[in-house]
Protein chains: 2
Amino acid sequence: MSFDLNDLDEVSRTLKLLGDKTRLAIMKLLDNRERCVCELVEIFKTSQPSVSQHLRKLKDAGLVKENRKGQWIYYSINPDSPQRQFIQKLIAFIPSQAHVLEELDKQGLGISCE
Amino acid sequence: MSFDLNDLDEVSRTLKLLGDKTRLAIMKLLDNRERCVCELVEIFKTSQPSVSQHLRKLKDAGLVKENRKGQWIYYSINPDSPQRQFIQKLIAFIPSQAHVLEELDKQGLGISCE
DNA sequence: TCATTATATAATCATATGCTTATATAAACA
DNA sequence: TGTTTATATAAGCATATGATTATATAATGA
């Protein structure tokens with residue numbers, strides 16, 4: 001599981017991956033706790049396939065991992081990622097997404113896939 | 001000159017900008033000292049327009065500034081960029097580009113636009 | 001002024017990207 | 001087993017991106 005982060009290619013690839021607003025927000029949201037796909041779909045008000053595809057890219061890069069619980073699949077930050085420290089520093093520069101969730105509540109949408 | 005870095009949009013835009021291998025390497029190279037366009041062209045072994053266009057994007061984002069000296073235009077990190085601290089942290093994760101220059105020397109190309 | 005050198009800009013093009021719609025898979029449950 | 005719910009994958013499409021080629025601008029020097 002060795003991996004050299006000190007590599008220009010690798011860093012630029014990671015930046016490119018997180019250079020997408022949705023993916024960056026997903027990482028920030030997962031920073032707190034795991035979330036199931038349906039939560040993310042509601043938060044971003046986009047299609048389910050769109051969220052799935054973003055998650056796929058994050059998973060392929062090893063940044064997140066999935067955990068199925070019955071029908072639901074929960075995603076979380078992959079603690080074993082060699083890039084984790086780097087990712088954490090990036091995330092630290094993003095404001096909390098709390099307000100996003102608050103706004104959802106105001107709109108009475110709530111978040112429940114159950 | 002106020003600017004809120006604590007903004008998801010802004011962070012993702014910056015990451016996207018540096019999510020390009022050439023632009024990221026340019027920023028790393030400029031971290032040491034200013035460089036003229038011709039130096040960068042030689043280093044990256046790409047076309048002059050290509051380098052110019054990358055520099056244009058970095059300049060438009062306020063990350064670098066230019067300084068004409070006769071025929072030559074030298075680019076350097078813009079110290080007044082509100083994103084500077086963020087950029088510095090990103091750059092810190094990239095290995096020195098010293099070896100790139102060393103290889104150029106070996107190939108006898110040297111670097112001189114004069 | 002004309003030629004040369006350095007750089008920027010414009011136009012074109014091939015590829016990458018992200019979204020949408022449709023469909024497949026997988027679990028839960030009647 | 002059949003239906004519903006959650007998620008993934010595939011296909012198609014519009015837009016973004018980065019490179020190349022050609023041309024424009026600007027400074028230098030004969």
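These are my notes on the sheets, the chain contact and the one cavity of a predicted model.

**Sheet in chain A**

I started with the strands of chain A. They form an open sheet of three strands in the order 1-3-2, with antiparallel pairing. I noted the edge strands as strand 1 (35–36) and strand 2 (64–69) of chain A, each of which pairs on one side only. I then looked up how strand 1 of chain A is held to strand 3 (residues 72–77) of chain A: two bridges join them, and they run antiparallel. For a residue to find on screen, I took A:Cys36, which stands opposite A:Tyr74 in strand 3 of chain A.

**Sheet in chain B**

Next I went to chain B, where I again found an open sheet of three strands, order 1-3-2, with antiparallel pairing. Strand 1 (35–36) and strand 2 (64–69) of chain B are at the edges with a single partner strand each, so one side of each has no neighbour in the sheet. Here I followed strand 2 of chain B, which pairs with strand 3 (residues 72–77) of chain B over six bridges in the antiparallel sense. Within chain B, I marked B:Lys65, which stands opposite B:Ser76 in strand 3. As a reminder to myself, strands of a sheet pair through backbone hydrogen bonds, either parallel or antiparallel.

**Contact between the chains**

I then turned to where chain B meets chain A. The contact takes 22 residues from chain B and 22 residues from chain A. Between them the chains bury about 2,100 Å², and 77% of this is on carbon and sulfur atoms. On the chain B side, I listed B:Leu8, B:Leu15 and B:Phe93 as losing the most area to chain A; together they account for 35% of what that side buries.

I also checked for charged pairs and found two salt bridges across the interface of chain B and chain A. One of them that I looked up is between B:Asp9 and A:Lys21, with the closest N and O atoms 3.0 Å apart.

**Cavity**

Last, I looked for enclosed space. A search of the whole structure gives one cavity of 30 Å³ or more, and I wrote down a volume of about 30 Å³ for the largest cavity. Its lining comes from both chains: A:Phe86, A:Lys89, A:Leu90 and A:Phe93, with B:Phe86, B:Lys89, B:Leu90 and B:Phe93. Helix 5 (84–92) of chain A and helix 5 (84–91) of chain B each supply at least two residues of this lining. Sorted by class, I have six nonpolar, no polar and two charged residues in the lining. I noted that B:Phe93 appears in this lining and also among the chain B residues that lose the most area to chain A.

Note on methods
Residues are numbered from 1 along each chain as its sequence is written. Chains are lettered from A and ligands numbered from 1 in the order in which they are written. This is a predicted model: local features need pLDDT of at least 70, side-chain atom pairs count only at pLDDT 80 or more; totals for chains, interfaces and linings use all residues. Side-chain values use heavy atoms; hydrogens and water are left out. Two strands pair if DSSP finds at least two bridges between them. Helices (H or I, at least four residues) and strands (E, at least two) are DSSP runs, numbered from the N terminus. On a 1 Å grid over the protein atoms alone, a cavity is a set of points where a 1.4 Å probe fits but cannot get out, and a pocket is an open set with protein on both sides within 12 Å along at least five of seven lines; lining residues have an atom within 4 Å of a point. Grid points are joined across faces, edges and corners, and a volume is the space filled by probe spheres set on the points. Ala, Val, Leu, Ile, Met, Phe, Trp, Tyr, Cys and Pro count as nonpolar, Asp, Glu, Lys and Arg as charged, and the others, Gly among them, as polar. Contact means heavy atoms within 4.5 Å. Buried area is the accessible area (1.4 Å probe) that two parts lose on being put together, summed over both. A salt bridge is a side-chain nitrogen of Lys or Arg within 4 Å of a carboxyl oxygen of Asp or Glu.
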